[in-house]
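Student: I would like a close look at one part of this model. Could you take me through a single strand and what lies around it?

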Amino acid sequence: MIHLDKVSYSVAHLGQPLTLLQEISFHIPPGEAVSLLGPSGSGKSTLLALLAGVERPDRGSIRIDGVELTALGDDDLARFRRQRVGVVFQDFHLLPTLSAWENVALPLQLAGKGEGYNEAMQLLEQVGLRQRSQHRPAELSGGEQQRVAIARAFIHRPQLILADEPTGNLDQHTSKQIIDLLFSWAAEWGITLFLVTHDPQLASRAVRSLALMDGRLASTSV
Ligand SMILES: Nc1ncnc2c1ncn2[C@@H]1O[C@H](COP(=O)(O)OP(=O)(O)OP(=O)(O)O)[C@@H](O)[C@H]1O
Ligand SMILES: [Mg+2]
């Protein structure tokens, strides 16, 4: 499902190249759930941005479901992301002018699959937010925004979910419910999960974990 081969990524910072990821290689089979651990600043969100096709690597290959992302032009890359991938960003990236249900329905609307109201309401119900469907992001708590972002990532049944600390804003009880939902949706729809997390409850549900340290893959446990 995901094949990374010697992926490196750097940014220009104060006129100097700053390497954020170095020679990252790993493989995740379809339908597997893998967690990504590592200290703050180790490059986890950066790696997610590369997998989501939001950023491009300097070197190396990223293949997702047989598609070499580095070979795609910008339009094809955006289309690939919209259709095949669902992303839960660390800071949610909800659109501020849209209500909760409109945010959740957006991937269906962009795919030309109708208004998506019923589908969005169904997922909002499952994440416990039916009563908040008309609220805009600014009128939602952090944990509520996070659950809207999770529902939006799943609505178009992508092949791959990339989630950055998806339970980071939730209390333990809500976390447990959301983790159960993530895994039951993934199992039901055959979705591969790639989860950045410090949450031991969530990490323990993954079959494998990868660890980043200063932009390098530190260890792999099976
Ligand atoms: N555009 C940029 N310019 C300069 N440095 C950057 C840029 N983007 C990220 N960095 C640096 O890259 C490193 C990795 O950032 P990243 O957001 O991937 O960390 P992270 O592992 O997700 O951390 P956290 O657990 O705090 O979310 C950080 O040290 C950050 O300061
Ligand atoms: Mg991060």
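Tutor: Happily. Let us take strand β3 (residues 33-37), which is mostly covered: five of its five residues are buried. Strands here are DSSP runs of E with at least two residues, helices are runs of H or I with at least four, and both are numbered from the N terminus. A residue counts as buried if 20 or more other C-beta atoms lie within 10 Å of its own, exposed if 12 or fewer, and partly exposed in between, with C-beta atoms placed from the backbone. This is a predicted model, in which local features need pLDDT of at least 70 and side-chain atom pairs count only at pLDDT 80 or more, while totals for chains, interfaces and linings use all residues. Residues are numbered from 1 along each chain as its sequence is written, and chains are lettered from A and ligands numbered from 1 in the order in which they are written. The pLDDT is the predictor's confidence in each residue, from 0 to 100; its mean for the protein is 95, and 98% of the residues reach 70 or more.

In a regular strand the side chains alternate between the two faces of the sheet. Along β3, Ala33, Ser35 and Leu37 point one way, Val34 and Leu36 point the other way, and all are buried.

Now for the partners, where two strands pair if DSSP finds at least two bridges between them. β3 pairs in the parallel sense with strand β8 (residues 192-196) over four bridges, and valine 34 stands opposite phenylalanine 194 there. Strand β9 (residues 208-213) also runs parallel to β3, joined to it by four bridges, with leucine 36 opposite leucine 210.

Phenylalanine 194 deserves a second look. Leaving aside neighbours within four places in sequence, this residue is in contact (C-beta atoms, placed from the backbone, within 7 Å) with Val34 and Leu36, and also with Ile2, Ile28, Leu51, Leu160, Ile161 and Leu162. Phe194 is also among the residues with the most contacts inside the largest nonpolar core, together with Val104, Leu124, Ala151, Ile161 and Leu162. That core has 59 residues, a nonpolar core being a set of buried Ala, Val, Leu, Ile, Met, Phe, Trp, Tyr and Cys residues joined through C-beta atoms within 7 Å. Helix α5 (residues 142-154) gives the most to this core, with six residues.

Key
Contact = placed C-beta atoms within 7 Å.
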